[in-house]
Amino acid sequence: MASSPPIPSGNPITPQQKRLAFGVHLFTASGVLWGFLALIAAVQHDWRTMFAWLALALFVDGIDGTIARKINITEASPRWSGVALDLIIDYLTYVIVPAYALYSSGMLGGANNVLNLLAMAVILLTSAMYFADNEMKTEDAWFKGFPAVWNLIVFYFFLLSPAEPTILSMTIIFLVVLALGLTTFASFVFVHPLRVAKLRMPTLVLLVVWSVLAIKAIWENVDPAPWVTWGLCIIGIYFLILGYFRTAPVHDRMAG
């Protein structure tokens, strides 16, 4: 996700720093490879492999920004934009692949089902607008509105949906998609797990626990034991409501 560039340090950039910075850009760009492999798996309806590749892409996206900030990549490699790279890859791995998986899975009916087509329109259009939003983040790097993490939402759809779709399950999935799409433009903030200040330690611990449970669920073809599903749901709810416990920066409070 996009972030504000660091303030120039004024220190000279060495050739070694430039090579390191370019390597970090390549590391970020590798996300498009994992996204493409996930798309191939989705076309084959190999959901376990698809989510495994998406998990790898999510891991890369989760740590590359931290590495980039530590080496001051904006100064060390100004020719390439890490922000642009992130947005390109995120739209593939957060939006296109999971949207296609939902569309082709049958959870919203057949390919020509009205609910299916409308859900795709909501996901693709609201996500495009979100990634183009210059105010997508708060001053303390939380996300304004739903941050288009459809990879996670579709993971939960696969985790919780019945084996055979029903009118009720299709309606619920569509309403969730619609609500999250509308929340893209809301003022409610969503957590950035690695940027949390208040409740930081329990948030990071729960992030690790969630990751372990998600890997187990993916390994079991997104059909794990009930205790794994319950654990993923409880932790998911925690991250969903964590915005209520955010301590707003001074500028935010003054603006409100």
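This is a short walk through one predicted model, from its overall layout to its core, its aromatic pairs and its cavity.

I will start with the layout. The chain contains ten helices and two strands. Going along the sequence, the pattern reads α-α-α-α-α-β-α-α-β-α-α-α. The chain has 256 residues, and buried residues make up 41% of them. As for contacts, take those between residues at least 6 apart in sequence: 77% of them join residues at least 24 apart.

Next, helix 6, which covers residues 150–160. How many of the eleven residues of helix 6 are buried? Nine are, so helix 6 is largely enclosed by the rest of the structure. The buried ones are Trp150, Asn151, Ile153, Val154, Phe155, Tyr156, Phe157, Phe158 and Leu159. What covers them includes helix 2 and helix 4, along with helix 5 (114–131), helix 7 (167–183), helix 8 (200–219) and helix 9 (226–241).

That brings me to the nonpolar core. The largest one has 58 residues, and the members that touch the most other members are Met50, Phe51, Leu102, Trp150, Phe155, Val177 and Leu232. Helix 6 gives the most to this core, namely eight residues. A second core, separate from it, has five residues, among them Ala21, Ala68, Ile73 and Ala76.

Val177 is a useful residue to click on. Setting aside residues up to four places away in sequence, Val177 touches Leu102, Ala119, Val122, Ile123, Trp150 and Phe157.

Proline 98 also touches Trp150. Proline 98 sits in helix 4, and its relative accessibility is 1%, which counts as buried. With residues up to four places away again left out, its other contacts are Leu92, Thr93, Asn151 and Val154. Proline 98 and glycine 35 are 63 residues apart along the chain, while their C-alpha atoms are separated by 10.0 Å.

Now the aromatic rings. The count comes to twelve aromatic pairs. I will show two of them.

Why is the pair of tryptophan 34 and tryptophan 53 called stacked? The ring centres are 5.6 Å apart and the planes are at 5 degrees, so this pair counts as stacked, the limit for stacking being planes under 30 degrees apart. Tryptophan 34 belongs to helix 1 (residues 15–43) and tryptophan 53 to helix 2 (residues 47–70); the two are 19 residues apart, and the pair links distant parts of the chain. Tryptophan 53 is partly exposed, at a relative accessible area of 26%.

The other pair is tryptophan 47 with phenylalanine 158. This one is tilted, with 4.9 Å from centre to centre and 55 degrees between the planes. Tryptophan 47 is in helix 2 and phenylalanine 158 is in helix 6, so the pair ties together parts that lie 111 residues apart in sequence. Both partners are buried: tryptophan 47 has a relative accessible area of 15%, and phenylalanine 158 is at 13%.

Which residues do ring pairs link into a cluster with Trp47 and Phe158? The others are Phe51, Phe155, Tyr156 and Trp210.

Tryptophan 47 has a further neighbour in serine 104, which lies in helix 4 (residues 82–105). Beyond its neighbours within four places in sequence, serine 104 is in contact with Ala42, His45 and Trp47. Serine 104 counts as buried, at 18% relative accessibility.

There is also a charge over a ring. The charged end of arginine 48 sits over the ring of tryptophan 219, at 5.6 Å from its centre.

Last, the empty space. Rolling a probe the size of a water molecule over the atoms shows where such space is left. In this structure there is one cavity of 30 Å³ or more. The largest cavity holds about 60 Å³ of space. Which residues line the largest cavity? They are Thr28, Gly31, Ala57, Val60, Asp61, Asp64, Asp86, Ile89, Asp90 and Thr93. Helix 1, helix 2 and helix 4 are the elements that give two or more residues to this lining.

To recap, helix 6 is largely enclosed and gives the most residues to the largest nonpolar core. Helix 2 takes part in both of the ring pairs I described, through tryptophan 53 and tryptophan 47. Helix 2 also helps to line the largest cavity, along with helix 1 and helix 4.

How values were computed:
Residues are numbered from 1 along each chain as its sequence is written. This is a predicted model: local features need pLDDT of at least 70, side-chain atom pairs count only at pLDDT 80 or more; totals for chains, interfaces and linings use all residues. Side-chain values use heavy atoms; hydrogens and water are left out. Rings of Phe, Tyr and Trp (its six-membered ring) pair if their centres lie within 6.5 Å; planes under 30 degrees apart count as stacked, over 60 as edge-to-face and the rest as tilted. Helices (H or I, at least four residues) and strands (E, at least two) are DSSP runs, numbered from the N terminus. Buried means under 20% relative accessible area, exposed over 50%, partly exposed in between (1.4 Å probe, protein chains only). A charge sits over a ring if NZ of Lys or CZ of Arg is within 6 Å of the ring centre and within 35 degrees of the ring normal. Contact means heavy atoms within 4.5 Å. A nonpolar core is a set of buried Ala, Val, Leu, Ile, Met, Phe, Trp, Tyr and Cys residues joined through side-chain atoms within 4.5 Å. On a 1 Å grid over the protein atoms alone, a cavity is a set of points where a 1.4 Å probe fits but cannot get out, and a pocket is an open set with protein on both sides within 12 Å along at least five of seven lines; lining residues have an atom within 4 Å of a point. Grid points are joined across faces, edges and corners, and a volume is the space filled by probe spheres set on the points.
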